[in-house]
Protein chains: 2
Amino acid sequence: MNHPPSTNTANITINPMNVIPLFETVGIIGVGLIGGSLSLAMKDKNLCRHRIGFGRTLNTLNQALALNIVDEISTDLSLIAQCDLVVICTPVAQFETVLSSIKPYLKPTALITDVGSTKQDVVAVAKTIFGQGDHPDDIIKRFIPAHPIAGKAQHGPHAAQADLYLNKHVIMTPLAENRPDYIERLKQLWESVGAVISKLSPLQHDIVFSSVSHLPHLLAYALVAQIANSEDAQTKLSYAGGGFKDFTRIAASSPEMWRDIFFANKTALLNDLRIYQRVLGHLEVCLTTDNVSGLEQFISHAAQVRQAWKPS
Amino acid sequence: MNHPPSTNTANITINPMNVIPLFETVGIIGVGLIGGSLSLAMKDKNLCRHRIGFGRTLNTLNQALALNIVDEISTDLSLIAQCDLVVICTPVAQFETVLSSIKPYLKPTALITDVGSTKQDVVAVAKTIFGQGDHPDDIIKRFIPAHPIAGKAQHGPHAAQADLYLNKHVIMTPLAENRPDYIERLKQLWESVGAVISKLSPLQHDIVFSSVSHLPHLLAYALVAQIANSEDAQTKLSYAGGGFKDFTRIAASSPEMWRDIFFANKTALLNDLRIYQRVLGHLEVCLTTDNVSGLEQFISHAAQVRQAWKPS
């Protein structure tokens, strides 16, 4: 407990409860908003001694270095060999390549985690590459998936901020194969940067986020596309007001990222989309049959639920 | 141009360009957010000398009087006989009753306008009661429909504010039967309270607002209802975040008001709802057939349109 703090702590407020960093060297693969903010927060809270940012091109990495988001940058994944924690912050579609590429270099004690918006597909890829957990040395035992709920409109290293995770939800979806003390260490990491931790199974996670996030994104894109493709598009857009603004805010989100999420969580999303189509069919019948009380009952219930809902 | 200002101007900043009020006595039927704010703004801008608030029950009227939203209140519509301008701010579903009730009392020179969210149905009701315009004295010549786009979450007299209409859109949907100088006077009124005026036909109005307002409201209610009726409702709602919050904000809106709007604009809304169902069908096919580029193309276009859109 008397180890000296990191030599890189000139600008750090040292928490006396936490003078031994949780990790020596951390590798962040993908130094944008999510990875960059975690890296800044780990420095801020003295949770590691050294941070290496990895990426495919130097452009983003140089920005991250200039912003002190990481201490060192590399396009060469062999430096993963130095890392005690590896955080994968690339788009989920790149996970297969990333996990295969880092596998030969991983320390036998390194923990690995991710920040992907879908979890069943990530776990499936990880088990393919890191083993099913039936061998004592399978890396899958040290891979603990997670999903921090902390998006914002801006992307990239310039958007990163040390307090991004303060009071934000982080959903951990640990595997039966994970060692409990590894899960606990990752939980400590997220708690130390201010997050509120909860645990779901990967399946539960994907069902929940299909309904409250993925489906609404698809519906918002669909409404904007419908208006944009109508013959009065410009007139309509010129009169669109506050309701349209909020309803479609998420339709300005990155199409590449959301294309990947939609396909990654296809099973749950298709299920929700089909239920939604049935719901719209019911509303259509209420309108065509002049079922005023039926429609009112439906929307009154929805309004009550939404009025009572508070963001947690 | 040298008439003295109103004797009620103790707290009013008199605009020297506008010392003659546009109207002597104004009747506001329904003194909630929309009617109350217009009444406050008319006093603030010295646009009338006397304001009478009408309603069915004294409760709301007493609040409005206590808040100086109006100068006089009445549940007796015979006082309409004093009014040079009558502004109908009740729910559209009450218009038939309201127009029939005020008709016997209307001054032969009074202008009449409304603030309803749908326009074809209002015009149809008005023509039934005020005449088709084929007789010289038909009241319809003096009825100039309008729709101020200025909702907010709060309702009732307490939510009213004199600057509600500042830089807000007001859509006028004048009729072929309206005298041009009457239209001009109503336009002056809205401009004087800070609004940005545009004109559409009642049909154009209803088509535009079905797409940019009524359909999104129906879709937001539908999503909340779907989640609320799912077996994991509480878990889902507990993880719902910023995307859900903005997407469903309009699902907290008054169910009674939106039931009326949905049925009042049924033709345009059903048309939009059916197109939307076809759009969702297309997205479903993209997902089931793993048409990644098709889905990406679709959502990229939507994202571009939404990113370029600015609220006017």
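Is B:Asp181 buried, exposed or partly exposed? Select that residue and start here: B:Asp181 has a relative accessible area of 40%, so it counts as partly exposed. Keep in mind throughout that this is a predicted model.

**Stop 1: a salt bridge in chain B**

Stay on B:Asp181 and add B:Arg179 to the selection. Their side chains meet in a salt bridge, with N to O at 2.7 Å. B:Arg179 is partly exposed too, with a relative accessible area of 41%. Now hop over to chain A and pick A:Lys43, A:Arg51 and A:Asp71 together: salt bridges with shared partners tie these three into one network. If you'd like to hunt for others, a search of the whole structure turns up 26 salt bridges over all chains.

**Stop 2: along helix α5 of chain A**

Next, select residues 180-192 of chain A, which make up helix α5. Show the side chains of A:Lys187 and A:Glu191, and you'll find them paired in a salt bridge at 3.2 Å, N to O. The two sit four residues apart in this helix, so about one helical turn separates them. An α-helix has 3.6 residues a turn, so residues three or four places apart point the same way. As for A:Glu191, its relative accessibility is 39%, which makes it partly exposed.

**Stop 3: the two chains together**

Time to zoom out and colour by chain. What turn lays chain A on chain B? A turn of 180 degrees does it, with a shift of 0.0 Å along the axis and an RMSD of 0.1 Å. That is the relation of a two-fold axis. To find your way to the axis, select A:Phe247: of the residues of chain A, its C-alpha comes closest, at 2.0 Å. Both copies use the same surface, and 100% of the contact residues of chain A recur in chain B.

**Stop 4: the interface**

Now select whatever touches across the chains. You should pick up 83 residues from chain A and 84 residues from chain B. The size of an interface is often given as the accessible area lost when the parts come together. Here the area buried between chain A and chain B is about 7700 Å², with 70% of it coming from carbon and sulfur atoms.

For the polar side of the story, look for 32 residue pairs in polar contact between chain A and chain B, both residues at pLDDT 80 or more. On chain A, the elements that give two or more residues to the touching side are β8 (169-172), α6 (202-228), α7 (233-239), α8 (242-247), α9 (255-264), α10 (266-288) and α11 (292-308). Highlight α6(A) in particular, as it supplies the largest share, 18 residues. Colour that side of chain A by residue type and you get 49 nonpolar, 20 polar and 14 charged residues.

There are also eight salt bridges between chain A and chain B. For one of them, select A:Lys266 and B:Asp290, whose side chains meet at 2.9 Å, N to O. This pair crosses from B:Asp290, in the loop between α10 and α11 of chain B, to A:Lys266, in helix α10 of chain A. Both ends keep some accessible area: B:Asp290 is partly exposed at 48%, and A:Lys266 is partly exposed at 21%.

**Stop 5: helix α9 of chain A**

Which residues of α9(A) are buried? Select A:Pro255, A:Trp258, A:Arg259, A:Asp260, A:Ile261, A:Phe262 and A:Phe263. That is seven of the ten residues in the helix, so α9(A) is mostly covered. Expand the selection to see the surroundings: the buried residues pack against α6 and α10 of chain A, together with α10 and α11 (292-308) of chain B.

**Stop 6: two last picks in chain B**

Where does B:Ile275 lie? Look in helix α10 (residues 266-288) of chain B. Its relative accessibility is 26%, so B:Ile275 counts as partly exposed. Draw a C-alpha to C-alpha distance from B:Ile275 to B:Ala41 and you get 40 Å, for a pair 234 residues apart in sequence.

Finally, go to B:His155, in the loop between β7 (146-148) and β8 (169-172) of chain B. With 53% relative accessibility, B:His155 counts as exposed. Draw another C-alpha to C-alpha distance, this time to B:Ile34: the two are 121 residues apart in sequence and 8.6 Å apart in space.

How values were computed
Residues are numbered from 1 along each chain as its sequence is written. Chains are lettered from A and ligands numbered from 1 in the order in which they are written. Side-chain values use heavy atoms; hydrogens and water are left out. Contact means heavy atoms within 4.5 Å. Buried area is the accessible area (1.4 Å probe) that two parts lose on being put together, summed over both. A salt bridge is a side-chain nitrogen of Lys or Arg within 4 Å of a carboxyl oxygen of Asp or Glu. A polar contact is a pair of N or O atoms within 3.5 Å; within protein, one must be able to donate a hydrogen and the other to accept it, and residues adjacent in sequence count only if both atoms are side-chain atoms. Ala, Val, Leu, Ile, Met, Phe, Trp, Tyr, Cys and Pro count as nonpolar, Asp, Glu, Lys and Arg as charged, and the others, Gly among them, as polar. Buried means under 20% relative accessible area, exposed over 50%, partly exposed in between (1.4 Å probe, protein chains only). Copies are superposed by least squares on the C-alpha atoms of residues with pLDDT of at least 70 in both.
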